[in-house]
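Here are a few short exercises to work through with the structure open beside you. Try each task before reading its solution.

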Amino acid sequence: METGVKKAKEHIPPQDCEHLLENTVTETFSLGTLPPIHYLNESVLEQTASERADREMILSQNIGSHSDLISGVYEGGLHIWECTIDLLEYLESVGETFSGKRVLDLGCGAGLLGILALKRGAKEVHFQDYNSTVIEELTLPNVLLNCDDDDDDEEGDSDSAASKKKKSPELPPQAGLAKCRFFSGEWTSFLSLVLSSEPPPQYDLIFTSETIYNTAYYPSLHEVFLQLLVPAGLVYLATKAHYFGVGGGLHLFESFVEQKDVFNIKSLKEVEEGLKRHVVALSFKKRD
């Protein structure tokens, strides 16, 4: 049961980031023309919970509850969901590049979507997740893994996509990290925090995947889009058609958006296998 709004905060990466990558087990996502995206192994992250800074206790609670989310406590950010892969596949199929663009990865979890934008030339990439533990123990280390664009050491390794031990990583270039900002907290609080900065950020692209499973979150999500998207910007939303046991889904969200009469929604991709999934784009309606 939700006990209140989780206050937003910005996470400033430590000057010495090397310790975040020590003895980590990593995996690599590779697809077509996309640059390889490296990320920490989720299972190992959970199994080493006792060794990590987990002030929210979500690593241990997630293991103990055998649940993908605990409403108001843990919102699923440790897991890479199917719809994130769907959106990565769509971006690969259309050859989307991000040169000079300002990008928000909203409900980022592992941060794969924002990392892709970073590796393909985005001017700025901001990452937001509900849980501070996700940002500190997963998102930030994943960004650091990918700031080093030297992937030559994987040439000739037929198991490059398999888990591997990273024993003594080099400190990633700070130039890549300087393009990023990291936030945690509930969306209303996050919006208030970023709007209080001078100037407040405005994004050309907002990525959000598997974030419309709870209808109670629709007003705050819509308000983030409304306040932070540039007039000609796009929101890429990846979602299941319906989230059984939680109540949300694409059709309910479409109805909510239509009632607000601010955004158009365009279908970009449908996946029929298993539980039906969608990738859609939101853009501001043109007014006379």
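**Exercise 1.** Locate Asp 261 in this predicted model, then work out whether Asp 261 is buried, partly exposed or exposed.

*Solution.* Start with the place: Asp 261 sits in the loop between helix H9 (250-260) and strand S10 (263-271). Next, look at the backbone, where phi is positive, about 60°, although Asp 261 is not a glycine. Most residues other than glycine have a negative phi. Finally, take the relative accessibility: Asp 261 counts as partly exposed because its value is 34%, and partly exposed covers what lies between under 20% and over 50%.

**Exercise 2.** Do the same for Glu 210: which loop holds it, and is it buried or exposed?

*Solution.* Glu 210 lies in the loop between S8 and helix H8 (218-228). Its phi is also positive, near 55°. With a relative accessibility of 6%, Glu 210 therefore counts as buried.

**Exercise 3.** Find the cis peptide bond and say which residues it joins.

*Solution.* The bond joins Glu 198 and Pro 199, with omega about -10°. Pro 199 belongs to the loop between helix H7 (187-195) and S8.

**Exercise 4.** Which residues have the most contacts inside the largest nonpolar core?

*Solution.* This core has 43 residues, and Leu 87, Leu 91, Val 143 and Phe 207 have the most contacts inside it. Among the elements giving two or more residues are helix H3 (82-94) and helix H5 (132-147); H5 gives the most, with eight residues. Now follow Leu 87: beyond its neighbours within four places in sequence, its contacts include Leu 113, Phe 207 and Val 279.

Conventions
Residues numbered from 1 in each chain as written. Predicted model: local features only at pLDDT ≥ 70, side-chain atom pairs only at ≥ 80, totals over all residues. Heavy atoms only, no water. Core = buried A, V, L, I, M, F, W, Y, C linked by side-chain atoms within 4.5 Å. Buried < 20%, exposed > 50% of the residue type's maximum accessible area, 1.4 Å probe, protein only. Helix = DSSP H or I, 4+ residues; strand = E, 2+ residues; numbered from the N terminus. Contact = heavy atoms within 4.5 Å.
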